[in-house]
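Here's a quick walk through a structure, starting where the chains meet and then heading inside. Have a look at it first.

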Amino acid sequence: MLRVDVSKRLGEFAIEASFANEGRVTGLFGASGAGKTSLINMIAGLLRPDRGVIAIDGETLDDTSTRRHVAAHRRRIGYVFQDARLFPHLDVRGNLDYGRRMNRLAEDGVLWRRVTELLDIGDLLDRRPGKLSGGERQRVALGRALLSQPRLLLLDEPLGSLDEERKEEILPYLVRLRDEAGIPMVYVSHDPSEMRQLASQIAIIRRGRVTAFGGVEVLPATLVQV
Amino acid sequence: MFDISPTEWTAILLSLRVATVATLVATPLGVAVGWLLARREFWGKALLDAAIHLPLVLPPVVTGYLLLLTFGRRGVVGAWLADHLGLVFAFRWTGAALACGIMSFPLLVRPIRLSIEAVDRRLEQAAATLGAAPWQVFLTVTLPLALPGVLAGMVLGFAKALGEFGATITFVSNIPGETQTISSAIYALIQTPDGDAAAMRLVVVSVLISMAALVGSEWFARRALKRLHGS
């Protein structure tokens with residue numbers, strides 16, 4: 001379970017958000033500039049809240065009242081960025097193996113096979129990120145995050161930089177991920193149809209605040225599309 | 001004409017040794033300072049930056065004299081190092097290396113700093129979310145991506161160290177076999193009658209070494225770039 005209750009000032013903009021989730025996939029839905037990315041950067045530990053608490057499975061990651069702040073690299077929270085952020089100097093294999101090496105985990109052939117098969121990236125292992133298509137890059141980024149064996153996976157508009165066709169290519173992988181990987185996820189998007197397909201609980205974010213929280217029914221009706 | 005005498009060989013080998021040692025010792029320090037200047041905000045940053053660049057603008061004789069005052073046998077640091085570590089700089093080749101290292105430091109640091117600044121911080125963030133501690137991020141992401149700049153800095157520093165003259169001759173004088181580098185040997189030769197031919201040989205040698213260093217660095221940089229971004 002993830003519990004977030006934070007506030008943060010960023011210039012003129014203020015984030016004041018509170019939600020807790022039990023479901024497999026929590027969607028953070030809102031227009032760009034609503035503060036979604038800042039919010040998950042706080043969950044990841046890349047941004048420090050001015051005030052508040054972030055806890056996961058009973059472990060407090062941030063608590064400003066006791067000045068507790070667990071550094072990003074100790075949180076075991078995977079992060080898939082909109083822009084993939086693969087390491088250009090490593091091939092796909094090196095990228096995928098990075099988290100395992102940094103966490104000094106034992107090699108796990110079963111997990112490796114499962115993830116590379118789940119994402120169909122087994123044929124890309126010797127390639128450099130520069131030689132991958134946008135969709136392939138995003139799949140490798142997903143695999144890289146999964147193989148670091150996180151307890152929570154943050155996805156920040158993972159389809160945001162892809163065209164419609166590529167989105168359709170990746171979306172099934174995300175659905176499989178949700179159903180097979182067994183890792184809770186926080187999924188950020190401004191696309192209601194992605195939310196509908198993936199999220200079990202949705203927080204609507206508007207100007208830095210959570211204005212609604214619940215099932216898919218909280219998505220704005222005017223934006224309904226199939 | 002191309003009969004290089006033993007004295008000349010001594011000067012050439014000494015120059016190479018001085019410049020190599022100066023560059024190898026200065027590089028880790030240059031990487032640390034370059035990283036500090038590129039990635040950290042701290043009190044006195046502008047001062048550190050200025051202090052590093054000082055040898056670039058000070059007359060080399062002044063730098064050499066300051067070194068003599070500080071690292072000479074009676075200098076505060078020099079006396080301590082001689083007593084406690086047995087490390088003597090004054091009138092030794094090690095002093096030449098120190099002078100060359102300090103004179104070339106600004107040229108070494110600059111490309112390193114710029115290349116570290118150019119490393120995408122978002123990649124460093126990604127590494128942190130994958131479990132890499134700050135020192136691991138530095139060793140596995142920042143440094144490899146900044147490698148072309150580090151190599152460029154090393155070559156520039158080496159070239160400068162090879163040609164350093166003013167601070168070196170002021171600090172450690174011009175002792176054949178101990179502190180007489182190519183530069184100071186040429187200087188001594190053109191002051192002596194009949195030294196022209198020997199001086200010319202050393203001039204040719206220094207041009208060759210410099211050319212080799214530049215060509216070598218270009219080759220290294222290209223290989224590093226290829227390795228970083230895939231062929």
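## Where the chains meet

This is a predicted model. Chain A and chain B bury about 2000 Å² between them, and carbon and sulfur atoms give 62% of that area. On the chain A side, H73(A), R85(A) and H89(A) supply 29% of the area buried against chain B, more than any other three residues. In terms of contacts, 22 residues of chain A touch 24 residues of chain B.

## Polar links and who brings them

How many salt bridges does the rule find across the interface of chain A and chain B? Just one turns up: the side chains of D83(A) and R122(B) meet at 2.7 Å, N to O. Polar contacts between the two chains come to six residue pairs.

As for secondary structure, β7 (77-80), α2 (92-102) and α4 of chain A each give two or more residues to the side that touches chain B. α2(A) gives the most, with three residues. Sorted by class, that side of chain A has eleven nonpolar, five polar and six charged residues.

## Inside the cores

Now for the interior. The largest nonpolar core has 39 residues, and those touching the most other members include V140(A), L153(A), L174(A) and Y187(A). Helix α4 of chain A (residues 134-147) provides the largest share of this core, six residues.

Zoom in on L174(A): leaving out residues up to four places away in sequence, L174(A) touches L142(A), L155(A), P158(A), L159(A), M185(A), Y187(A) and L198(A). There's also a second, separate core of 30 residues, with A19(B), L67(B), M103(B) and I186(B) among them.

How values were computed
Residues are numbered from 1 along each chain as its sequence is written. Chains are lettered from A and ligands numbered from 1 in the order in which they are written. This is a predicted model: local features need pLDDT of at least 70, side-chain atom pairs count only at pLDDT 80 or more; totals for chains, interfaces and linings use all residues. Side-chain values use heavy atoms; hydrogens and water are left out. A nonpolar core is a set of buried Ala, Val, Leu, Ile, Met, Phe, Trp, Tyr and Cys residues joined through side-chain atoms within 4.5 Å. Buried means under 20% relative accessible area, exposed over 50%, partly exposed in between (1.4 Å probe, protein chains only). Helices (H or I, at least four residues) and strands (E, at least two) are DSSP runs, numbered from the N terminus. Contact means heavy atoms within 4.5 Å. Buried area is the accessible area (1.4 Å probe) that two parts lose on being put together, summed over both. A salt bridge is a side-chain nitrogen of Lys or Arg within 4 Å of a carboxyl oxygen of Asp or Glu. A polar contact is a pair of N or O atoms within 3.5 Å; within protein, one must be able to donate a hydrogen and the other to accept it, and residues adjacent in sequence count only if both atoms are side-chain atoms. Ala, Val, Leu, Ile, Met, Phe, Trp, Tyr, Cys and Pro count as nonpolar, Asp, Glu, Lys and Arg as charged, and the others, Gly among them, as polar.
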